[in-house]
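Reader: Hey, could you walk me through this one? I'd like to start with how the chains meet.

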Amino acid sequence: MATKILSVDDSRTIRLIVGKAFKPYDCIVLEASNGEEGLVVAAREKPDLIVLDVTMPVMDGVTMLTKLKEDPALKAIPVIMLTAESGRENVLQIARLGVRDYLVKPFKEDQLVEKAGRCVTLAKRPVATPA
Amino acid sequence: MSAQPDINQYKELARRYGIAATPESVSRLTQIVARQDCCVDEIVRVIEKDPGLSSRLLRVANPHAADESEYTVGTVDEAIMRNGIGSALLLAMGTPLSLALIKTFQTMLSLKLESVDLHQLDSLSGQHMLGSIGFAGKVTGHVYLRMSSASAKAIAAGILGLEPGELGPDEIRDAAGELLNIMTGNFKSNLCDAGLDCKLQPPKVGLTDDYFTPIEPGSGLERLAFRADQIQIFVEVTANPWAE
């Protein structure tokens with residue numbers, strides 16, 4: 001079964017890059033543009049991994065992470081923070097909330113895939129054979 | 001919990017997550033400027049030890065000079081005395097911003113972006129892409145990112161791995177906004193770590209033919225310029241270090 005990855009970022013550019021990074025793998029990449037949408041998609045789709053931005057309108061990533069960890073049905077989903085903010089307070093607060101990993105923007109797609117591979121199984125997408 | 005265990009814990013997390021540290025001279029300079037009782041000598045000593053910071057400060061202090069031979073302000077001490085302590089903060093803010101921009105080009109576009117003197121670039125004319133983001137708290141100000149439409153398109157294509165012809169205006173605008181977010185997120189982290197807590201406001205990105213950069217009372221301005229192949233980028237930072 002394909003691995004479900006939820007990308008939560010207000011930047012369409014980042015969501016496209018995340019989608020592109022996992023294209024070679026047997027993954028379904030779901031998208032949300034803020035924390036509120038992210039919680040709805042997470043509850044509905046139960047992704048295997050969430051890639052989460054910090055600064056977003058409507059609901060930021062820290063609030064979404066807090067709510068995820070309070071929800072018994074969602075708290076076990078591993079979360080990788082993908083953010084340009086690497087300040088001490090931010091990193092400590094997020095680590096204490098129980099994030100699995102942290103990737104600072106700018107980033108290479110390979111770095112994201114490597115970190116994701118430590119959280120979930122990433123199988124290469126089967127090559128389609130001509131009929 | 002006291003600050004020291006927090007700092008040690010952060011260092012351990014930064015190592016585990018692979019978070020790169022801000023250059024020591026920049027962190028030190030930001031911490032000194034964050035103290036309202038800092039003295040000029042202390043600032044000068046930190047800047048003089050870093051050739052990059054010294055060179056940028058002197059460039060800012062000699063805005064009309066085409067090169068070093070035309071400098072009328074020749075020392076770090078003179079530059080700080082003339083431009084004020086606020087110029088040291090702009091210097092400390094500009095470094096993480098420049099590093100983030102250069103690293104973005106290197107990692108996401110595989111292009112070597114160079115920091116250059118303003119006069120080495122062609123001036124923008126007519127309509128261009130402008131992104132701006134405000135920050136407010138113990139330090140307040142704005143970061144402005146300007147580039148031609150062609151440069152904005154080339155950057156979006158590079159980041160997304162698409163051909164320029166495949167891009168619509170929304171993709172180009174969004175990529176410029178993300179570039180701005182990455183730059184400002186990195187410098188905000190340095191400010192907050194030095195005790196200058198501030199929050200970023202939502203970015204605004206769009207086409208404009210307005211070249212006016214508003215400077216709030218008590219604020220300083222630093223202009224930075226960058227070049228990679230045909231891409232030219234202009235960055236302006238305004239900041240008031242003691243807004244509160």
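Reader: So how many residues of chain B are in contact with chain A?
Author: 29 residues of chain B are in contact with 29 residues of chain A, contact meaning heavy atoms within 4.5 Å. Keep in mind this is a predicted model, where local features need pLDDT of at least 70, side-chain atom pairs count only at pLDDT 80 or more, and totals for chains, interfaces and linings use all residues. Residues are numbered from 1 along each chain as its sequence is written, chains are lettered from A in the order in which they are written, and side-chain values use heavy atoms, with hydrogens and water left out.

Reader: What area is buried between chain B and chain A?
Author: About 2600 Å², with carbon and sulfur atoms giving 57% of it. That is the accessible area (1.4 Å probe) the two parts lose on being put together, summed over both.

Reader: Which residues in chain B lose the most?
Author: B:Tyr17, B:Leu160 and B:Glu178, together 23% of what that side buries.

Reader: And how many salt bridges across the interface?
Author: The rule finds four, a salt bridge being a side-chain nitrogen of Lys or Arg within 4 Å of a carboxyl oxygen of Asp or Glu. A:Glu85 and B:Lys188 meet in a salt bridge at 2.7 Å, N to O.

Reader: Which helix of chain B supplies the largest share of the side that touches chain A?
Author: Helix 8, with 11 residues. Helix 1 (3-17), helix 6, helix 7 (149-160) and helix 8 (169-193) of chain B each supply at least two. Helices here are DSSP runs (H or I, at least four residues) and strands too (E, at least two), numbered from the N terminus.

Reader: Switching topic: which residues are buried in helix 4 of chain B?
Author: In helix 4 (residues 51-61), they are B:Leu53, B:Ser54, B:Arg56, B:Leu57, B:Leu58 and B:Ala61. Buried means under 20% relative accessible area (1.4 Å probe, protein chains only).

Reader: What do they pack against?
Author: Within chain B, helix 2 (24-34), helix 3 (40-48), helix 5 (76-83), helix 6 (86-108) and strand 6 (220-228).

Reader: What caps the N-terminal end of that helix?
Author: B:Asp50 does, with a side-chain oxygen 2.9 Å from the backbone nitrogen of B:Gly52.

Reader: Last one: which residues touch the most other members in the largest nonpolar core?
Author: A:Phe22, B:Leu29, B:Ile47, B:Phe105, B:Val143 and B:Val235, out of 83 residues. Such a core is a set of buried Ala, Val, Leu, Ile, Met, Phe, Trp, Tyr and Cys residues joined through side-chain atoms within 4.5 Å. Helix 6 of chain B gives the most to this core, 10 residues.

Terms used. Buried < 20%, exposed > 50% of the residue type's maximum accessible area, 1.4 Å probe, protein only. Polar contact = N/O pair within 3.5 Å; in protein donor to acceptor, adjacent residues only side chain to side chain.
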